[in-house]
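Welcome, and please get your viewer ready for a short walk through this model. We will go stop by stop, with something to select at each one.

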Amino acid sequence: MYTLDVFAEERYAGNQLAVFRNAADLSPEIMQKIAREMNYSETTFILSDTPRDGGYDVRIFTPEEELPFAGHPTLGTAYVILHEIMGTPGPQVKLNLKVGQIPVSVQPDGVLWMDQKPPAFGRLFEPAEIASVLSLELSDIDTRFPVQEVSTGLPFVIVALKSNGALHRAKRNMPAFEAFSKTHGRDMIYLFSAEPGSSENQLAARMLTIFQTMPEDPATGSACGCLGGYLVEHRYFGEVNVDVRVEQGYDMGRPSLLRLKASRQPGHIAVKVGGKVIMVSKGQLL
């Protein structure tokens, strides 16, 4: 097994990930128990060191459930395959996930990029309802842009805030969040502001969930991909092409940097999410 920091510029930053190899003999129940024992936001299992249909079979589990797709597990697992399994890392590796096959490429600067599925745009939500869930005032939400469900394989509710101050003040109002989840079936909210803390970055973001085991995620590649689609769809920057750096996890002491590219193509929006991965430890499952 391996532990890694994903979307990290230095060790002990970014989002933690545990990766297990040659896991085909583990039942889904055991994988779920291991993920609960690790208690990271996600744990991944590479079923075999031998590729199938040009990609490696991978399953992703949170402490609560299996996921069809998640961003930082995809990048971190690709790093393990490239550096620990392939021997001589190539420029690209493909992961066979429940959502489909996801390619991950490596750039000379060490940034790994994943091509996400084209975003699908879903329901709109009332800003006042979301403000209550986030313990914010309605005036904190940038109502020039909708509060909307977006998915590239995993759905998030995307919320544009007016300021970094509002982003930092946001916290879960659990009774309102539970009512929102029960009514709409959505448990993850991705909020962002165009006032990042660092002048090198263009956006700051946070991802709040209803889950007690993971109330907030320090770096969320799948949500960031949804954000890319949202920015293009609603011309947040006035453009149909987006190339930005997104900071996340600063409130949690796990500073993370996500690279995001999105562009409108004929019939769909193309999304890429990138970041660096750092190996932290190697061990063995007993």
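Start by selecting asparagine 164: leaving aside neighbours within four places in sequence, it is in contact (heavy atoms within 4.5 Å) with Ser193, Glu195, Pro196, Gly197 and Ala204. Before moving on, note that this is a predicted model, in which local features need pLDDT of at least 70, side-chain atom pairs count only at pLDDT 80 or more, and totals for chains, interfaces and linings use all residues. Residues are numbered from 1 along each chain as its sequence is written, and side-chain values use heavy atoms, with hydrogens and water left out.

Stay with asparagine 164 for a moment. Asparagine 164 sits in helix H4, residues 164-169; helices (H or I, at least four residues) and strands (E, at least two) are DSSP runs numbered from the N terminus. A polar atom of the asparagine 164 side chain lies 2.6 Å from the backbone oxygen of glutamate 195. Is asparagine 164 buried or exposed? Its relative accessibility is 11%, so asparagine 164 counts as buried; the cut-offs are under 20% relative accessible area for buried, over 50% for exposed and partly exposed in between, with a 1.4 Å probe and protein chains only.

**Next: helix H6**

Select residues 221-233, which make up helix H6, and highlight glycine 228 within it. Glycine 228 has a relative accessible area of 0% and is therefore buried. Leaving out residues up to four places away in sequence, glycine 228 touches Leu260 and Ala262. Add glutamate 66 to the view: glycine 228 and glutamate 66 are 162 residues apart in sequence, with 24 Å from C-alpha to C-alpha.

Why can H6 be called largely enclosed by the rest of the structure? Because twelve of the 13 residues of H6 are buried; among them are Cys224, Cys226, Tyr230 and Leu231. For a check on the helix geometry, pick the end C-alpha atoms of H6: they are 18 Å apart, which agrees with the 18 Å expected for 13 residues at 1.5 Å a residue (1.5 Å times one less than the number of residues). After H6 comes arginine 235, with a positive phi near 45°.

**Then: the aromatic rings**

How many aromatic pairs does the structure hold? There are seven, where rings of Phe, Tyr and Trp (its six-membered ring) pair if their centres lie within 6.5 Å, and planes under 30 degrees apart count as stacked, over 60 as edge-to-face and the rest as tilted. Select phenylalanine 45 and phenylalanine 61, an edge-to-face pair at 5.9 Å centre to centre with 85° between the planes. This pair links strand S3 (residues 43-46), which holds phenylalanine 45, to strand S4 (residues 56-61), which holds phenylalanine 61. Both rings belong to buried residues: phenylalanine 45 at 0% relative accessibility and phenylalanine 61 at 3%.

Now show phenylalanine 145 and tyrosine 236, whose ring centres are 4.7 Å apart and whose planes are at 45°, so the pair is tilted. Ring pairs also link Phe145, Phe192, Tyr230, Tyr236 and Phe237 into a cluster.

**Last stop: the nonpolar cores**

A nonpolar core is a set of buried Ala, Val, Leu, Ile, Met, Phe, Trp, Tyr and Cys residues joined through side-chain atoms within 4.5 Å. The largest one has 84 residues, and Ile130, Val159 and Phe192 have the most contacts inside it. A second, separate core of nine residues includes Ala23, Met31, Ala35 and Phe61. To finish, select valine 159 and look for the residues that it touches beyond four places in sequence, including Leu134, Ile141, Val147 and Ile189.

Notes
Polar contact = N/O pair within 3.5 Å; in protein donor to acceptor, adjacent residues only side chain to side chain.
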